[in-house]
Amino acid sequence: MRALPAALFAVAVAAACTSGPPELASEAPTVAAMADELGRDVVEHMARGYRAGRSGEILLAPKPWNVLGQWTGGLRGALDPRTTHATPWAYHQRVPLLLYGPGYIRQGARAERTVDVADVAPTLAEILGMPFRAPAGEVLGEAVVPAARRPGPPRVILVVVYDGGGWNVLDRWPSAWPAQRDLSNRGTVYTNATVGSSPSLTAPVHATIGTGAYPRAHGLVENTARLPSGEISEVYLHEADPELLEGETVADAWDRRHGNRPWVGLVGFESWHLGMMGAGAKARGGDRDVAVLWEREEFRYRTNPEVYRMPGYLPGTDLLQRHLRSLDRLDGVADGRWLGNRLDGDSTFQLPGTPAYVRYIEDTIAEILRREPIGDDELTDLVFVEFKSSDYAGHIWNMASREVREVLAAQDAALERLIGLVEARAGRGRYVVALTADHGQSPIPVTRGGVRIDRFELERDIDDFFGADIVEAVHPSDIYLRMDVLREEGVRVADVARFIGDYRYEDGIPDGTDTDGIPERTLRSRVFAGALPGSYVAALSPGEIEALGPSRYAQGDLTTPPRLGRLLGPRLRR
């Protein structure tokens, strides 16, 4: 067991002379004080994302620009490019939300009011002319043309999500997305949209897009969750089984309403993305909608055939290999590398973060649009597309890397092509496009004054301080506790939260990390802005959350409209 840091050791020794749990440092912040510092916007998003029994018992908010993740054993110094994105801060929460479709969507409109991705589902239902009860979302009224002025129902609705394509990524690379910018200026764009809840992670946000509900209602609170068995696992997601998705998606409602005659399908990466489409054969009155996912280790497409359908004509990985070879030759040398990164089969984790993979997904969707009965009649078909590469590149190389820029450009080119193919199938003026993202990305922490927090060191330090194995798992957004052990030890969840709130950078530096050159002030600084018991957050009334007031952190403001005019350019003249 690693030795306790000096400050924690002194407290633990003093506590050993008394009975009961150790005494916290006098300066450890109270839970209420941490909530007050986080402010109303952040705490509200945390409350929307918490579900007792599935979420961790403590919800985490590292200070802005700090990242909590798995760094032990692989830390490559201060400029290690790897990052995470599970925070409630604006740079992870703010995302583009745009709609386009002449005859259905107003042209050249921008709205700055506060909205979020829960509004997508009821807006699609409005365009479909279908009653749909969204627990949280509302129709984006500024965007939708009144029903009496529409040219009948659209034949196709295309929903596109850039995984990790939040505004901060687009702002970093403004020249990489001309097609998206053009679409924004010719349709309606909401510049003050967020993902609606915290954590800003793939599974919960995609389910919010599909259901119009927040995670506390639709049940997918994280990319992992505590299962009914008590196990904390990702298995239910990797098996492409939507058993924990609660509430109906707009696609499932539309399909059921019309006896499963509409074509409904998704091309994505992980089964974390299925929540924006639906539960397939497990939905009430549902059928096996198309779901094409990727098996990274086995290097092939996959699905769950009991719940979804995967076409048999999809392009093989020989096409992906051709795209990889083309990417390799861009620098004039066929050396199996792209921007210095390996492109061979041993680097299957990196490959989805490349433009070659974007091209492969683009070709796959194009083949589906050609072969499936999409847009063939007046009954609207629903096509869902998730581009994963922007997320992978951000995790591996960070959002300021050239890799991210190249992936964004490839996704933008794919977007333009796919819209052209949809128009060819549905007819000009007979389709609608909705585009958004599920979160932003992070820069290298040190470039913004941030630090890395190692989740395994944090787990060990909590257990060491309280003298028992009370932590079951530490995730970038929350901590799962062994509640039976806490009760035996007489430790309250609030005690653990306060300990985390007082946790210093020097307390959690992994053994062997070079600390030369790190300022003393940084070493002694607290690394979390807040650690709140989920039960505390869930018990707050809307009035109590509102009374918290603004966050003390600038990145905790999720309601003031950002200035994005320079990114979008002039609006279309009506």
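This report describes a predicted model, beginning with one strand and its partners and then turning to unusual backbone geometry in three loops.

## Strand β19 and its partners

Strand β19 covers residues 478-481, and it is covered on both of its faces, with Asp478 and Tyr480 buried on one side and Ile479 and Leu481 buried on the other. In a regular strand the side chains alternate between the two faces of the sheet.

Strand β1, which comprises residues 58-62, pairs with β19 in the antiparallel sense over two bridges, and within this pairing Leu59 has Asp478 of β19 as its bridge partner. Strand β18, residues 471-474, also runs antiparallel to β19 and is joined to it by three bridges, with Val471 partnered by Leu481 of β19. Three residues lie between β18 and β19, and the two strands form a hairpin.

## A cis peptide bond before Pro199

The peptide bond that joins Ser198 and Pro199 is cis, with an omega of about 15°. Pro199 belongs to the loop that runs between β7 (188-194) and α7 (202-211).

## Positive phi at Phe299 and Leu339

Phe299 is not a glycine, yet its phi is positive, at about 60°; this residue sits in the loop between β11 (290-295) and β12 (300-302). Because the cut-off for burial is under 20% relative accessible area, Phe299, at 16% relative accessibility, counts as buried.

Leu339, likewise not a glycine, has a positive phi of about 50° and is found in the loop between β13 (337-338) and β14 (341-342). With a relative accessible area of 33%, Leu339 is partly exposed.

Note on methods: Residues are numbered from 1 along each chain as its sequence is written. This is a predicted model: local features need pLDDT of at least 70, side-chain atom pairs count only at pLDDT 80 or more; totals for chains, interfaces and linings use all residues. Side-chain values use heavy atoms; hydrogens and water are left out. Buried means under 20% relative accessible area, exposed over 50%, partly exposed in between (1.4 Å probe, protein chains only). Helices (H or I, at least four residues) and strands (E, at least two) are DSSP runs, numbered from the N terminus. Two strands pair if DSSP finds at least two bridges between them.
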